Amino acid sequence: LSLSEKIKLLKNIDSASSLALISIAELEALCGRRLRVRNWDGELNVRAAVQEAKILELKRIGAALYCDAAYPALLREIPDAPFMLFYTGDISVLGGKTVSVVGTRQISADGIVAARDFAYAAAEDGVTVISGLAFGADGAAHSGAVDAYYDALENGAELPAGRTAAALPCGCDTGQPASHVKLARRILSSGGCLVSEYVPGVLGERWRFVHRNRIVAALSPATVIIQAANGSGALITAQYALEYGRDVVFHQAAFSESAKKLAAAQKKRLEKDFALGRISRAKLESCPEKYLDAGAPVVKDYRDFCACLRERPGERSALTGDFDAARQELPF
């Protein structure tokens with residue numbers, strides 16, 4: 001069922017007992033179309049939902065329906081929002097100021113520093129950093145925001161208002177990637193949260209990673225790309241952000257010498273895959289330079305990012321024509 005259909009059912013079915021008694025014909029009448037599922041058993045579905053609720057309670061995983069006050073307002077704006085969001089930690093951090101910070105897993109050393117420093121400064125400024133808990137840029141961004149919290153705690157300073165939140169491609173209890181379980185615990189212990197559209201026990205599959213990216217993009221007014229070679233999942237997040245009417249900004253680390261070397265190696269791999277018919281031309285040709293040609297701004301750090309947001313639209317978009325020559329004209 002689509003999001004709109006689920007909302008319609010929620011409005012028209014007032015109790016679990018009503019859901020248990022409803023027939024497939026009545027469901028189709030409410031949705032206004034024929035449904036592919038022919039073996040509908042409302043009573044069985046209600047029992048499964050009760051069992052799932054017990055699992056959520058046992059594992060201390062919260063759930064927010066699309067219509068609930070706890071559901072993030074920014075996420076509710078997109079047309080393909082999850083009907084239900086599962087979470088651990090403090091979901092209220094998604095209701096304040098947020099920024100999404102993403103990038104490739106195969107990130108350079110200066111990219112790691114850029115992601116961490118940007119997130120650290122954002123958290124200090126009271127902004128919650130959104131990312132996907134993946135290797136590379138995601139992990140560095142989460143770590144930066146968490147470090148801002150623990151550094152303040154250790155120094156006896158006022159704790160920063162900003163936290164960090166991870167959107168997962170699996171259930172909140174699954175812990176993928178496994179090597180980031182410790183980081184996930186630090187996110188929670190520092191007052192952040194983990195969110196997912198999947199029930200407990202669901203494992204991350206390739207298509208779920210892509211699907212997760214739309215949530216990362218939706219949870220913030222702006223997405224900052226730290227580094228992203230051709231075909232990177234971070235560029236899928238950027239595309240989602242544009243479709244949702246959000247800002248897309250590139251960090252200058254995306255165009256460093258080390259980033260260009262990694263990008264060149266990735267492009268060669270993609271060219272081989274394209275020749276073998278494994279990927280599409282669109283994936284092969286997806287690259288940061290295309291976004292710059294279209295007017296995406298470039299920033300050097302969090303402070304510059306804030307300045308960029310105050311500028312008139314397109315003020316930094318004079319980077320057209322030859323990319324390498326244009327990059328020399330950047331004011332930093």
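**Exercise 1. Aromatic pairs**

Task: Find how many aromatic pairs the structure holds, and work out how the rings of phenylalanine 118 and tyrosine 302 are arranged.

Solution:
- Step 1. Start with the count: there are nine aromatic pairs in the structure. This is a predicted model, so keep in mind that side-chain atom pairs count only at pLDDT 80 or more.
- Step 2. Now take one of the pairs. The ring centres of phenylalanine 118 and tyrosine 302 are 5.5 Å apart, and the angle between the planes is 80°. Planes over 60 degrees apart count as edge-to-face, and that is the class of this pair.
- Step 3. Locate the two residues along the chain. Phenylalanine 118 belongs to helix 6 (residues 109-124) and tyrosine 302 to helix 14 (residues 302-310), so the pair links parts of the chain that are 184 residues apart.
- Step 4. Check the surroundings. Phenylalanine 118 has a relative accessible area of 2% and is therefore buried. Tyrosine 302, at 9%, counts as buried too.
- Step 5. Compare with another pair: the planes of tyrosine 240 and tyrosine 244 meet at 20° with centres 6.0 Å apart, so this pair is stacked. Tyrosine 240 and tyrosine 244 are both buried.
- Step 6. Finally, look for a group of rings. Phe118, Tyr302 and Phe305 are linked into a cluster by ring pairs.

**Exercise 2. Reading the sheet**

Task: Give the order of the nine strands in the open sheet, and say which strands stand at its edges.

Solution:
- Step 1. The strand order is 1-2-6-5-4-3-7-8-9, with mixed pairing.
- Step 2. Strand 1 and strand 9 (298-299) each have a single partner strand, so one side of each has no neighbour in the sheet; these are the edges.
- Step 3. Move to strand 3 (residues 98-102). Strand 3 runs parallel to strand 7, and three bridges join them. Serine 100 has threonine 223 of strand 7 as its bridge partner.
- Step 4. Strand 3 also pairs with strand 4, again in the parallel sense and over three bridges. Here threonine 98 stands opposite threonine 128 of strand 4.
- Step 5. Strand 7 pairs with strand 8 (residues 247-251) too, parallel and over four bridges, and valine 224 is found opposite valine 249 in strand 8. Between these two strands the chain passes through helix 10 (residues 233-243), in a right-handed β-α-β crossover.
- Step 6. Look at the two faces of strand 7 (residues 222-225). Ala222 and Val224 are buried on one side, Thr223 and Ile225 on the other, and both faces are covered.

**Exercise 3. Helix 10 and the core**

Task: Work out which residues of helix 10 are buried, what covers them, and what helix 10 adds to the largest nonpolar core.

Solution:
- Step 1. List the buried residues: Ala234, Leu235, Thr237, Ala238, Tyr240 and Ala241.
- Step 2. Their cover includes strand 3, strand 7 and strand 8, together with helix 9 (206-218) and helix 13 (288-293).
- Step 3. Inspect the ends. At the N-terminal end, serine 232 acts as a cap, with a side-chain oxygen 3.1 Å from the backbone nitrogen of alanine 234. Just after the helix comes glycine 245, whose phi is positive, about 75°.
- Step 4. Turn to the core. The largest nonpolar core has 42 residues, and Tyr66, Tyr71, Leu75, Leu94, Val195, Ile225 and Phe250 touch the most other members. Helix 10 supplies the largest share of this core, five residues.
- Step 5. Follow one member. Leaving out residues up to four places away in sequence, leucine 94 touches Pro72, Ile130, Ala165, Cys193, Val195 and Leu219. Apart from this core lies another, of 27 residues, among them Ala114, Ala119, Tyr120 and Ala137.

**Exercise 4. Two positive phi angles**

Task: Decide whether arginine 60 is buried or exposed, and do the same for leucine 133.

Solution:
- Step 1. Most residues other than glycine have a negative phi. Arginine 60, however, has a positive phi near 55°, and leucine 133 one of about 60°.
- Step 2. Arginine 60 sits in the loop between helix 4 (42-58) and strand 1 (62-65). Leucine 133 sits in the loop between strand 4 (128-131) and helix 7 (137-155).
- Step 3. With a relative accessible area of 75%, arginine 60 is exposed. Leucine 133 has 3% and is buried.

Notes:
Residues numbered from 1 in each chain as written. Predicted model: local features only at pLDDT ≥ 70, side-chain atom pairs only at ≥ 80, totals over all residues. Heavy atoms only, no water. Buried < 20%, exposed > 50% of the residue type's maximum accessible area, 1.4 Å probe, protein only. Pairing = 2+ DSSP bridges. Right-handed = clockwise from strand over helix to strand, strands pointing away. Core = buried A, V, L, I, M, F, W, Y, C linked by side-chain atoms within 4.5 Å. Contact = heavy atoms within 4.5 Å. Polar contact = N/O pair within 3.5 Å; in protein donor to acceptor, adjacent residues only side chain to side chain. Phe/Tyr/Trp six-rings, centres within 6.5 Å; stacked < 30°, edge-to-face > 60°.
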